[in-house]
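I open this notebook to record what I looked up in one structure, entry by entry. The questions concern its core, its fold and its charged side chains.

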Amino acid sequence: MLKIDGFDSAVIGTAMPWNNQSRTEVLIYDGEMMVEILMADGMSDEEAREHIEFNIEGAYMGEDTPVICWKQEDHVL
């Protein structure tokens, strides 16, 4: 499984999404915990969310790409 460096404490579990016709186990991260980790390193809330959006969520690393979970009220569906 691929890990996102620096966010081990934000791991909340694993998932097995379908990729083509197979399933691959991937890590699930709590998005809010990731924001808190970045804020502890000196980023503002807005900077942390933008960093996650552009540098982490936007990076596809193949079928092993980790999943970031956000509370529903944090993002409009």
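**Entry 1: the nonpolar core**

I looked up the largest nonpolar core of this predicted model. It has 14 residues, and those with the most contacts inside it are Phe7, Tyr29, Met34, Ile52, Ile56 and Ile68. I then asked which elements give two or more residues to this core. They are strand β4 (26-30), helix α1 (31-40) and helix α2. Helix α1 gives the most, with four residues. As background I note that, in soluble globular proteins, nonpolar side chains tend to be buried together.

**Entry 2: fold and extent**

I listed the secondary structure and found two helices and five strands in the protein. Read along the sequence, the order is β-β-β-β-α-α-β. I also took the extent of the C-alpha trace along its principal axes, which is about 40 × 30 × 20 Å. For burial, I recorded that 29% of the 77 residues in the protein are buried.

**Entry 3: salt bridges**

How many salt bridges does a search of the whole structure find? The search finds three.

I looked up the pair Lys3 and Asp8, whose side chains meet in a salt bridge with an N to O distance of 3.5 Å. Is Lys3 buried, partly exposed or exposed? Lys3 counts as partly exposed because its relative accessibility is 48%, a value between the limits of 20% and 50%. Asp8 is likewise partly exposed, with a relative accessible area of 46%.

I turned next to Arg49, which forms a salt bridge with Glu32; their closest N and O atoms are 2.9 Å apart. This pair links distant parts of the chain, as Arg49 lies in helix α2 and Glu32 in helix α1, 17 residues apart. I checked the burial of both partners. Arg49 is partly exposed at 28% relative accessibility. Glu32 has a relative accessible area of 18%, and it therefore counts as buried, the limit being under 20%.

Arg49 has a further entry: its side chain meets that of Asp45 in a salt bridge of 2.9 Å, N to O. Asp45 and Arg49 both lie in helix α2, four residues apart, which is about one turn of the helix. I recorded Asp45 as partly exposed, at 33% relative accessibility. Which residues do salt bridges with shared partners join into one network? They are Glu32, Asp45 and Arg49.

**Entry 4: a charged patch on the surface**

I searched the surface for gathered charge and noted a patch of negative charge made by Glu46, Glu47, Glu50, Glu53 and Glu57. I followed Glu57 and placed it in helix α2, which runs over residues 45-57. Glu57 has a relative accessible area of 40% and is partly exposed. Its value therefore passes the cut-off of over 30% that a patch requires.

**Entry 5: Ile12 and Tyr29**

I looked up Ile12 and found it in strand β1 (residues 11-15). Its relative accessible area is 47%, so it is partly exposed. How far apart are Ile12 and Tyr29 in sequence and in space? They are 17 residues apart in sequence and 5.6 Å apart in space, C-alpha to C-alpha. Tyr29 already appears in Entry 1, among the residues with the most contacts inside the largest nonpolar core. Ile12, being partly exposed, does not meet the condition of burial that such a core sets, and therefore it is not part of one.

Technical notes: Residues numbered from 1 in each chain as written. Predicted model: local features only at pLDDT ≥ 70, side-chain atom pairs only at ≥ 80, totals over all residues. Heavy atoms only, no water. Patch = residues over 30% accessible without salt bridge, like charges linked within 9 Å, V, L, I, M, F, W, Y side chains within 5 Å. Areas by Shrake-Rupley, 256 points an atom, 1.4 Å probe, with all protein chains shown as cover. Salt bridge = Lys/Arg side-chain N within 4 Å of Asp/Glu carboxyl O. Lys, Arg positive; Asp, Glu negative; His and termini not counted. Charge placed at Lys NZ, Arg CZ, Asp CG, Glu CD. Buried < 20%, exposed > 50% of the residue type's maximum accessible area, 1.4 Å probe, protein only. Core = buried A, V, L, I, M, F, W, Y, C linked by side-chain atoms within 4.5 Å.
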